[in-house]
Amino acid sequence: MTVWKMLTATKGRRRLDWTDTVSYLYLVVGLVVMFAPVLWLVMSSFKTESAISQFPPTFLPYTQQSVSVPGREGQFPLYRVTTESGETKVLAQISRIGVVATMVDPAAPETKVRVNIQAREPVTSLQFAWENYTDLFGKFTFGKYLWNSVFITVVATLITLLFNSMAAFALSKYRFTGQKAVYLLIIGTLMIPPTIILVPVFLVINEVGLLNSLWGVILPAVATPTGVFLLRQYMLTIPDELIEAARMDHASEWRIYWRIVLPLSAPALAVLAIFSVMWRWNDFLLPLIVLSKNEVFTLQLALNSFQGELNTQWHYLLAMTVITLIPVTLVFAFLQRYITTGIASAGVK
């Protein structure tokens, strides 16, 4: 069944049944609720600073037009004004005092007209502010922030996969005293909120000299109880006969783990990799307490630093937010099918 047939399938043979109408209406409402804020964010990232602050807000990036006036320096905003005689003119505002604006015709600047601000309408045009994105790399060290986030995400994900898969292999294929107690202790840490252990984690990182280091963000979170649980449940589905046959062929335990167990656990590893990428990329609290120097900031910390007490450059902030969302969105979009299949397989013993 193609995607189009699936989307256009109906209960009725020749016309829509009432259940079809309700189903499509529900799907459309859900689509709008989920993606409308994201679309608004993307379109707002192409607005100029003045367009973002205008009221009422607009969905598309409309920018007020401006013009130069002979005999005056700078650019002046254009407004559409309706005179008392009913004639509509396009005038440039050169000054404003209270609710009264002084305006002139750019073609005849010697004649000044005073207009109430309620009687004017901005002249706007559709204009995408691409400089919001290009200026990020020119005016700010955005590339450094991006590299820091990519480095933390990639390295932490690889180490997480290695450590969690080794622990899961031991808990699923070995039999030793206290095995269940160790497993329950690992799972029990899921009930501890991360904020409770922030102070001990900070003290340990400070003691080993990893403050203001990217490794201080990577190492504390490489062992996750969720990953151990997911991989252990999947590895339980791997037949023990395969491992026994490898041992009879004098394969070492590391070779069994690396050449047999890991390849067979690829779906579960893919699921854990997706989760790890989303966790590390969006992490804010741990980098906040570990990193204080600007040159080691991640994208999340850079976004926070863009919000000043007196002035916030919203056009740059929105553009950086969109760029921050792209990697994790692509990872989830192309690999999300592994989430359902991996989790479903992990639950079958």
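Are Phe 46 and Tyr 133 buried or exposed? Phe 46 is buried, and Tyr 133 is buried as well. Welcome to this structure, which is a predicted model. Its aromatic pairs number 13, its salt bridges number three, and its largest nonpolar core has 34 residues. The points below take you through these topics and then stop at a threonine in helix H15.

**Aromatic rings**

- The structure holds 13 aromatic pairs. In the pair of Phe 46 and Tyr 133, the ring centres are 5.2 Å apart and the planes stand at 40 degrees, so this pair counts as tilted.
- These two residues are 87 apart in the chain, and their pair links distant parts of it. Phe 46 sits in the loop between helix H2 (18–44) and helix H3 (49–52), while Tyr 133 belongs to helix H4.
- One aromatic cluster is made up of Phe 169, Tyr 174, Trp 254, Tyr 257 and Trp 258.
- A charged residue also meets a ring here: Arg 232 lies over the face of Tyr 183, at 4.0 Å from the ring centre.

**Nonpolar cores**

- Within the largest nonpolar core, with its 34 residues, the ones with the most contacts are Leu 136, Ile 218, Leu 291 and Met 320.
- Several helices give two or more residues to this core: H4 (131–139), H5, H8 (215–218), H13 (285–290), H14 (299–305) and H15. The largest share, eight residues, comes from H15.
- A second core, separate from this one, has 20 residues, including Leu 161, Ile 238, Leu 269 and Val 271.
- Ile 218 is a good residue to look up in the 3D view. Not counting residues up to four places away in sequence, Ile 218 touches Phe 151, Ile 152, Val 155, Ala 156 and Ile 159.

**Salt bridges**

- Side chains of opposite charge can pair when their charged atoms come close. The structure holds three such salt bridges.
- Asp 240 and Lys 173 meet through their side chains in a salt bridge, at 2.9 Å from N to O. Asp 240 lies in helix H10 (residues 240–248) and Lys 173 in helix H5 (residues 142–173), so the bridge ties together parts that are 67 residues apart in sequence.
- The two partners differ in burial: Asp 240 is partly exposed, with a relative accessible area of 39%, whereas Lys 173 counts as buried at 12%.
- Glu 244 and Arg 247 form another salt bridge, their closest N and O atoms being 3.3 Å apart. They are three residues apart in helix H10, which means that about one helical turn separates them.
- Arg 247 also meets Glu 253 in a salt bridge, at 3.1 Å from N to O. Through shared partners, Glu 244, Arg 247 and Glu 253 join into one network.
- Each member of this network is partly exposed: Glu 244 has a relative accessible area of 41%, Arg 247 has 27% and Glu 253 has 33%.

**A closer look at Thr 324**

- Thr 324 is found in helix H15, which covers residues 314–346. Its relative accessibility is 4%, so Thr 324 counts as buried.
- A polar atom of the Thr 324 side chain lies 2.7 Å from the backbone oxygen of Met 320. Met 320 is also one of the residues with the most contacts inside the largest core.
- Leaving aside neighbours within four places in sequence, Thr 324 is in contact with Trp 281, Leu 299, Gln 300 and Leu 303.

How values were computed:
Residues numbered from 1 in each chain as written. Predicted model: local features only at pLDDT ≥ 70, side-chain atom pairs only at ≥ 80, totals over all residues. Heavy atoms only, no water. Helix = DSSP H or I, 4+ residues; strand = E, 2+ residues; numbered from the N terminus. Buried < 20%, exposed > 50% of the residue type's maximum accessible area, 1.4 Å probe, protein only. Polar contact = N/O pair within 3.5 Å; in protein donor to acceptor, adjacent residues only side chain to side chain. Contact = heavy atoms within 4.5 Å. Salt bridge = Lys/Arg side-chain N within 4 Å of Asp/Glu carboxyl O. Core = buried A, V, L, I, M, F, W, Y, C linked by side-chain atoms within 4.5 Å. Phe/Tyr/Trp six-rings, centres within 6.5 Å; stacked < 30°, edge-to-face > 60°. Lys NZ or Arg CZ within 6 Å of the ring centre and 35° of its normal.
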